[in-house]
Amino acid sequence: MVGSQPIISPNLVAPPRRRGRRSSVRSWRRGDQLIFVLAWTAGLTLCAITASIVIFLAVKGVAYLDPKLLVTSPSPSVSQAGSGGFLDAIEGTVTLAVLGTLIATPLAVISAIWVVEYGRPRWLVGIVESSIELIAGTPDIVIAIFGLALFQLGILAPLSFRSSGGGVYGRSFLAAGIMMSLLALPLTYTATRNGLRAVPRQVREASYALGKTRIATIRRVLLPGIRPNVATGAVLGMGRIIGDTAIVVVLLGATLQTSPENGVPLLGFLRGTGSTLSSYIYNNSPAGEGNAPQKAYAAVFVLVLIVLALNAIVARISRIGARSAAGAGRLSQ
Amino acid sequence: MSINQLVFTQPASETALTMTSTPLRAVSPITGPERMRLSEISVFYDGVPAVRQASLSIHQGEVLALIGPSGCGKTTLLRTLNRLTELTPNASHSGQITLDGADIHELEDTKLRTRVSMVFQQPNPFPMSIFDNVAFALREQSRRRPRRRELEPLVKHALQRAGLYEEVRGDLERPALRLSGGQQQRLCIARAIATEPEILLMDEPCSALDPRSTAVIEELILQLRNELAIVIVTHNLQQARRIADRVAFMYLGDLVELGDAGQLFAAPREERTREYIAGAFG
């Protein structure tokens with residue numbers, strides 16, 4: 001390599017060097033070498049597992065994904081050709097994600113503000129924090145069953161509908177959306193709380209020193225500053241909602257077609273039952289009633305694309321956040 | 001006066017150095033009227049005194065410098081003047097502070113802080129535009145109103161007084177955090193003086209800045225002195241010599257000596273002041 005280069009005085013044309021000579025791995029201690037190899041192996045294995053899942057699903061998905069499936073509703077039929085696509089499931093996924101996020105985000109942000117900025121009395125803060133941790137750790141099937149018991153109460157009938165016998169059905173987009181918000185809430189809460197805690201005391205003091213109240217400081221200085229944190233939390237929560245199946249199966253009625261209640265158009269839709277991509281996949285997998293794996297693969301592919309898109313959004317928001325923090329410079333001091 | 005003159009040559013405040021000496025803890029001949037008076041102020045953290053029985057007055061048109069070694073209570077005393085110490089849960093105080101004759105603890109804290117505003121050690125602009133940083137101070141609490149058109153002349157005036165307007169006039173929408181450290185500190189000064197306060201508190205405002213930015217800020221302090229009273233905490237004795245009319249030396253929570261800058265630096269009355277100025281400790 002050296003020999004192939006023309007001999008030029010290094011003082012005149014020194015090629016730019018990225019870094020100087022470093023110690024060789026071979027000269028390291030045995031233990032250090034082992035950790036080095038393990039670290040590389042673990043990283044590459046994870047990449048390989050993820051890549052194989054995505055590639056497998058992409059190959060299957062592309063093979064079975066007919067654009068017609070995206071725009072036709074499922075229909076009851078014994079033949080696969082006549083059982084339609086998963087338009088309703090896409091609608092259901094979007095509806096639940098939006099509904100759950102709209103409910104969870106304000107609750108999470110307000111709770112985080114109370115905990116970080118007010119935080120009195122201490123014992124109550126402890127209870128709030130433990131409650132949110134408990135929700136985060138509760139299996140979704142438990143949340144779903146609790147939701148079913150809750151929404152079947154007569155007083156909550158307006159959130160779903162009454163069956164012909166007069167009993168409250170307890171299953172609807174509203175019921176599922178409200179319980180889904182519990183899945184998103186801990187993620188948004190944690191992101192907002194951490195964002196607020198990372199704002200240095202001096203920023204708050206600067207606002208108080210200008211004669212601003214605490215609430216004005218929160219609204220005009222702190223919240224605009226932690227917008228990327230809130231957005232990241234909200235998108236992560238949305239991803240959690242989109243991926244969930246148990247709550248959909250128990251609380252959305254698990255009817256593959258959306259079946260709105262009579263009445264006001266949007267409200268009727270929200271009070272009615274339906275499906276999401278995850279429940280559609282479950283239904284059409286060999287474990288479900290539909291047993292149409294090709295369609296399940298196609299739906300999985302769409303779901304993976306949505307999740308990847310959400311991840312890209314989170315990465316982008318984090319980059320914007322990192323950029324403004326870098327611009328801040330002293331904010332991190 | 002140019003920047004270089006300020007940094008490398010003569011102290012800016014010649015008059016301060018030639019003032020006649022005054023007795024200990026007595027008010028020196030100040031031209032402006034008294035705005036603030038501290039009577040026997042003590043501040044405690046968890047019951048431990050950080051400032052003991054400090055009494056002094058603050059007059060319009062003067063720069064009063066608080067000097068002393070680290071931990072002597074300068075910053076605590078400064079933060080008591082706009083009741084920022086109240087934000088520290090374990091802090092308490094005794095004694096009385098009046099602003100134009102009224103007890104500051106009887107005033108609403110938010111009102112007090114628009115009349116006694118503050119600039120901090122680290123430049124701390126908010127993560128918003130240059131314009132919004134100043135406009136934030138002018139707006140009533142969390143309101144967005146009044147409209148931008150009404151605020152524009154006020155923001156411009158504040159930036160002009162802080163000597164920053166000419167540098168940023170082309171792009172007031174630029175994020176404030178993209179400004180240099182010295183510019184950020186001048187923006188913080190603009191923000192602090194936008195509400196036309198009577199007293200401006202400055203807590204080592206130049207300690208995070210390079211000499212050139214420091215000179216610009218010092219020049220600004222001397223200009224602002226004509227319009228309001230300035231209380232500045234500084235570690236930098238040279239800076240106190242350059243800009244202060246009166247100097248208060250604090251040591252271990254005590255206000256040891258208060259006098260004209262000229263007298264205090266040339267002929268301190270107290271042994272501890274003499275040793276500190278001579279560099280024996282601190």
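Among contacts in chain B between residues at least 6 apart in sequence, what percentage join residues at least 24 apart? In this predicted model, the share is 72%, and that figure is a reasonable starting point for a tour that begins in chain B and then moves across to chain A.

**Stop 1: chain B as a whole.** Select chain B and display it by secondary structure, where 12 helices and 10 strands are to be found. If you then colour by burial, 49% of the 282 residues of chain B count as buried.

**Stop 2: helix α5 of chain B.** Next, select residues 130-138 of chain B, which form helix α5 and are mostly covered, with 8 of the 9 residues buried. Shown as sticks, the buried residues of α5(B) are Ile130(B), Phe131(B), Asp132(B), Asn133(B), Val134(B), Ala135(B), Phe136(B) and Ala137(B). To see what they pack against, add α6 (148-161), α7 (165-168) and α8 (181-193) of chain B, and then α8 of chain A, which belongs to the same surroundings.

**Stop 3: the pair α5(B) and α8(B).** Keep only these two helices on screen and look at their axes, which come within 7 Å and cross at roughly 30°. Because angles under 35 degrees count as roughly parallel, α5(B) is described as roughly parallel to α8(B). The crossing of the two helices is right-handed. On the side of α5(B) the contact is made by Ile130(B), Asn133(B), Val134(B) and Ala137(B), while α8(B) supplies Leu187(B), Ala190(B) and Arg191(B). Coloured by class, the contact of α5(B) with α8(B) shows 5 nonpolar, 1 polar and 1 charged residues.

**Stop 4: the contact between the chains.** Bring chain A back and select the residues where the two chains touch, which are 22 from chain A and 24 from chain B. On the side of chain A, the elements that give two or more residues are α7 (201-208), α8 (214-225) and α13 (293-328), and the largest share, 7 residues, comes from α8(A). By class, the residues on this side of chain A divide into 10 nonpolar, 7 polar and 5 charged.

**Stop 5: the largest nonpolar core.** Finally, select the 151 residues of the largest nonpolar core, in which Ala299(A) and Val231(B) touch the most other members. Helix α6 of chain A, residues 173-198, gives the largest share of this core, 15 residues. Centre the view on Ala299(A) and, leaving aside neighbours within four places in sequence, look for its contacts with Phe86(A), Ala89(A), Leu277(A), Tyr280(A) and Ile281(A).

Definitions and conventions
Residues numbered from 1 in each chain as written. Chains lettered and ligands numbered in written order. Predicted model: local features only at pLDDT ≥ 70, side-chain atom pairs only at ≥ 80, totals over all residues. Contact = placed C-beta atoms within 7 Å. Helix = DSSP H or I, 4+ residues; strand = E, 2+ residues; numbered from the N terminus. Nonpolar A, V, L, I, M, F, W, Y, C, P; charged D, E, K, R; others polar. Buried ≥ 20, exposed ≤ 12 C-beta atoms within 10 Å, placed from the backbone. Core = buried A, V, L, I, M, F, W, Y, C linked by C-beta atoms within 7 Å. Axes fitted to C-alpha atoms, helices over the stretch in contact; angles between N-to-C directions. Parallel < 35°, antiparallel > 145°, perpendicular 65-115°, else oblique. Left-handed = near helix turned anticlockwise from the far one by under 90°.
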